[in-house]
Structure formats: structure tokens, C-alpha cells
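Work through the exercises below with the model open. Each task is followed by a stepwise solution.

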Amino acid sequence: MTDAKTQIDETVKSNDVVLYMKGTKSMPQCGFSSRVAGVLNYMGVEYADVNVLADENIRQGIKDYSDWPTIPQLYVKGEFVGGCDIITEMTLSGELDQLFEQNGVSYDKDAAAKIREANG
């Protein structure tokens, strides 16, 4: 398990934005992963995607790492942000925009506004 923790730690710290998900950003394999990847893709955020279905150690390891029981999990600048419900709420409230701005993560502000318009 230490290997998984080390691998997760390195991935989270060496990428500005990381999404641990079921599937990949181009082919999500669950609705929750699809929703978060869809938001990030639509907003033009560059992020590393880690398919937890490809490695059982990573799948369990990420839950232990964050002390969060579900996947997907979003990390920004090494910090755990949340899962699908939290990311959805943050997107709709504008908090995700603020988080990206505070951390120097580029994203499409117009796309973020369109998401809020469509769900407002």
C-alpha cells in the first residue's frame, strides 16, 4: 500500500489539477466521473486523469489518501477539493472559478458562466 500512497502523492503534487476517476477524461466509465470530467473539459482545464479501474491499489489507495470514500476525487495544487457533489456545487456557486484563480489554473470563464446559466 505504501507504493500506492507514494505514487498518488507524486501524481497529486506534480500536477496542478488531478482527477482520480473511473475511466479516463475521454471515456469516463461512471456518471459521477463523467460529470466532473465534463465540467473540467468544458471549462478547458488542463488536468491529469487517473483511471482507478486500471489499478486496484490506486482505487483503494486514493480513498485512504484523502480519507474520502468515493470516486471521483479532484485535487488542485496538491489539495483535495472534493467529489462529484462538491465539485458540482462549487461550479454552480462560482467557488471553483475562485479556486482556479487563486491557484493560477487557467480555465474558460465564459464556459464557467454558461454552466451556471444553464443550471440557474
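A residue counts as buried when its relative accessible area is under 20%. By that cut-off C84 is buried, at 6% relative accessibility. The model is predicted.

**Exercise 1. Count the disulfides and account for the result.**

Step 1. Apply the cut-off: a disulfide needs two cysteine sulfur atoms within 2.5 Å.

Step 2. Take C30. The closest cysteine sulfur belongs to C84, 7.9 Å away, so the pair is too far apart for a bond.

Step 3. Check from the other end. C84 is in no disulfide, and the nearest cysteine sulfur is that of C30.

Step 4. State the count: zero disulfides.

Step 5. Add the surroundings. C30 is buried, with a relative accessible area of 18%.

**Exercise 2. Lay out the sheet and find its edge strands.**

Step 1. Write the order. Four strands form an open sheet, 2-1-3-4, and the pairing is mixed.

Step 2. Read off the edges. Strand 2 (48–51) and strand 4 (79–82) each pair on one side only.

Step 3. Add the twist. Neighbouring strands are turned by 25° against each other on average, direction ignored.

Step 4. Look at one pair. Strand 1 (residues 17–21) runs parallel to strand 2, and four bridges join them. M21 stands opposite N51 of strand 2.

**Exercise 3. Place helix 2 and helix 4 on the strands.**

Step 1. Helix 2 (residues 31–42) lies across strand 1 and strand 3 (73–76). Its angle to strand 1 is about 160°.

Step 2. Helix 4 (residues 84–93) lies across strand 3 and strand 4. Its angle to strand 4 is about 80°.

Note on methods: Residues numbered from 1 in each chain as written. Predicted model: local features only at pLDDT ≥ 70, side-chain atom pairs only at ≥ 80, totals over all residues. Heavy atoms only, no water. Pairing = 2+ DSSP bridges. Helix = DSSP H or I, 4+ residues; strand = E, 2+ residues; numbered from the N terminus. Axes fitted to C-alpha atoms, helices over the stretch in contact; angles between N-to-C directions. Contact = heavy atoms within 4.5 Å. Buried < 20%, exposed > 50% of the residue type's maximum accessible area, 1.4 Å probe, protein only.
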